[in-house]
Each structure stands twice: as structure tokens, then as C-alpha cells.
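Student: I am new to this structure and would be grateful for a close look at a single part of it. Please choose one part, describe it in detail, and then place it among its surroundings.

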Amino acid sequence: MTDTNKPLDIDTVQAFVLVADFSSFTRAAEALDTSQAAISLKLKRLEERLGYRLLERTPRHVRLSPQGERFIGAARTLLNAHERALGDLGGHAARRLVIGISDHVAGPDLPTWLSRLAAYDPLVILEVRIASSRDLVAAFERNELDAVIVRNEDDRQDGEVLAVERFGWFAAPTWQHSPDAPLRIATLAAPCGVRQLATRALDDARIDWTEVFVGGGVLAVGAAVSAGLGVAALAHRVAPAGAVEVGEQYGLPALPVSEVKLHSRINDERSRDTLRALSATFRGVLQR
């Protein structure tokens, strides 16, 4: 029998919401800077307090139970009210974090990352700048950004590795290449690290190529691919819907993997907590 008059423990509710958002005990533990065993214990206590199972767990998947689906909305409301109450009591104004995210990293998952971050920390004002990794690292070094999530294009040894991603050659399903003609490619404007690694791979393989489209962002390059203008070197996660990998079909060179890194100069504890949650979110999406 459960004690319905006993207050819910905020820490256990927060652990539940993070596990639900990340679909992972491991990512939730990273976000809270604790162990997976500690997260499991918190969930067990919360389920015992409520009297029903919140999560359905298998060796490969974590998902909400029907009761968990009903509870998650109330849990988010409780956490938001708790954070705002702490902010009011402590006299803390909303914090602003200025974060740069590489265009090749952001991709279609950016709304998911932002929604999870907002749910985790309702007092943060997040200013996000999307640009090339090189431009963002330069801005970070000029102290214009609090943190950046970028591709490691210059073999820097510092920073936290969030994921290692594969690249491929993507084109529209109807696109065709004649071996007697230069390879038609769509790229970002130079200097772009992904453009550089792609053209270097083609040159090393002695494959003639010509640019038929130069875009100002990954979204534009993806649109050119979908329109059938050419082939593009893209991370698998950011390739446009419906595009197919054609590297093997046309004998194109394999592309090197790329590290996605976090660089940060954030010092205050609450902002570090927020950034740790964002890092866990990135890992969960980038490594799936």
C-alpha cells in the first residue's frame, strides 16, 4: 500500500523525466553527474511511492509505460514549478547561455535538443548560433561564446568528445553519374572542413569533380541533393529524407569519421549542470 499523503521527492522525479527524455539510464546519469545504479534506485523508489511501473525496460530499449505516459506531464509541471520557486527564493534572474552549434552537427534534431533543455532548466535563456565549426571555434577563442559543439577539424586535443560520426556520399534516388564526366557535387562554401575532407578524398582517388551547387548551410546542400543536382558528403544523421548513399555504387572513396566535441568555459554550477544535460542529450541523439 502506498502513502498518498507523502510528498514526491524532486530528485526522483527529475531522474524519471531525464530517463524518459533520453530513453536511457546511462544518459540520465551523465546529465545528473551520477551513476546508472543511483538512477535505477531513484526510479525504483518513485515507482514504489506511486504504486505502479513508470518505465518498461528491455536490454536495448527504455520507454514509458501507460502509467508513465500519464504521469510525465505532471512530472514536468512539478519540476518547472520547483525550479522557478528556487529562482524566486534565491533572487536569481534568468541566465543566458550563448552556445554555438556546427551546422553539420545541428541537423534535424535541434528542436529535440532545445525542447529537452527547456524542460530541464526553465530559467535558462539559450542563445544558439549556427555556423561552421571553424567560425564557431574562432568566436569561442574570442570569448564571444560560452560553449561550442563542433566537429574537430584541426586535431585539437582539448574538448569533450560527444560522438564519432560517419560520413557518406548521398544523392537523390533518381540521380545518376556518368563515369566519363566529372562528379557533380554539392558542397558548403570554403572554408568548410567537410568540404575539404570530401574534395581531398576525391583528389586522392584521382576522381574528377566539379561543384554544381554551393550552399550557405547544410539545409541548402540537402535541398540540392533532394533536387537531384549532385552528390554531397554528409553525416548520415543530417542527410535529407529520401536520399540514398551512393558511394559504393559509383566507386567513390570512403570518407573519414569525424569527432563531435564540446568546448566550454562555463564556470557557475547551475550553468554547468545545464550544459551537462545538453551534452547528454547530444550523445543520446548522435550515437543512436
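Tutor: Helices and strands are here DSSP runs, numbered from the N terminus, a helix having at least four residues and a strand at least two. The model is a predicted one. With these terms, a place in a loop can be given by the elements on either side: Arg206, for instance, sits in the loop between α8 (193-204) and β9 (209-215).

The part I have chosen is an open sheet of five strands, whose order is β4-β3-β5-β12-β6 and whose pairing is mixed. At its edges stand β4 (124-131) and β6, each of which has a single partner strand, so one side of each is left without a neighbour in the sheet. On average, and with direction ignored, neighbouring strands of this sheet are turned by 15° against each other. As a general matter, strands of a sheet pair through backbone hydrogen bonds, in a parallel or an antiparallel manner.

Let us begin at the edge formed by β6. Strand β6 covers residues 160-165, and Val161 is one of its residues. The partner of β6 is β12 (residues 258-264), and the two pair in the antiparallel sense over five bridges. Within this pairing, Val164 has Glu259 of β12 as its bridge partner. Val164 also takes part in a nonpolar patch on the surface, formed together with Val161 and Val257, and these three residues have about 240 Å² of accessible area together. Val161 itself has a relative accessibility of 37% and therefore counts as partly exposed.

Glu165, another residue to consider here, forms a salt bridge with Arg151 through the side chains, at 2.5 Å from N to O. Glu165 lies in strand β6 and Arg151 in strand β5, so the pair ties together parts that are 14 residues apart in sequence. Residues under 20% relative accessible area are called buried. Glu165, at 5% relative accessibility, therefore counts as buried, and Arg151, at 3%, counts as buried too. In total, the structure holds eight salt bridges. Among the residues joined in this way are Arg96, Glu127 and Arg129, which are linked in a network of salt bridges.

A helix belongs to this picture as well. Helix α7 lies across β3 (95-102), β4, β5 and β12, and runs at about 150° to β5. The loop between α7 (133-141) and β5 (147-151) contains Asn143. Asn143 has a phi near 65°, which is a positive value in a residue other than glycine. With 58% relative accessibility, Asn143 counts as exposed. Another salt bridge joins the side chains of Arg142 and Glu144, at 2.8 Å from N to O. Of this pair, Glu144 is partly exposed, because its relative accessible area is 37%.

A further helix, α6, covers residues 110-120 and includes Leu110. When neighbours within four places in sequence are left aside, Leu110 is in contact with Ile101 and Ile130. The relative accessible area of Leu110 is 17%, and the residue is therefore buried. Leu110 and Phe282 are 172 residues apart in sequence, yet their C-alpha atoms are 9.4 Å apart in space.

For the wider surroundings, one may turn to a second sheet. This open sheet has three strands in the order β10-β7-β11, with antiparallel pairing. Its edge strands are β10 (232-235) and β11 (244-245), each of which pairs on one side only. Strand β7 (residues 167-171) is joined to β10 by four bridges, and the two run antiparallel. Phe167 has Ala235 in β10 as its bridge partner. Helix α9 (residues 218-226) lies across β7 and β10, at about 125° to β10.

Two further places complete the description. The residue named at the outset, Arg206, has a positive phi of about 60° although it is not a glycine. At 77% relative accessibility, Arg206 counts as exposed. Elsewhere, the side chains of Glu56 and Arg63 form a salt bridge with an N to O distance of 3.3 Å. Glu56 counts as partly exposed because its relative accessibility is 30%.

Definitions and conventions. Residues numbered from 1 in each chain as written. Predicted model: local features only at pLDDT ≥ 70, side-chain atom pairs only at ≥ 80, totals over all residues. Heavy atoms only, no water. Patch = residues over 30% accessible without salt bridge, like charges linked within 9 Å, V, L, I, M, F, W, Y side chains within 5 Å. Areas by Shrake-Rupley, 256 points an atom, 1.4 Å probe, with all protein chains shown as cover. Salt bridge = Lys/Arg side-chain N within 4 Å of Asp/Glu carboxyl O. Buried < 20%, exposed > 50% of the residue type's maximum accessible area, 1.4 Å probe, protein only. Pairing = 2+ DSSP bridges. Contact = heavy atoms within 4.5 Å. Axes fitted to C-alpha atoms, helices over the stretch in contact; angles between N-to-C directions.
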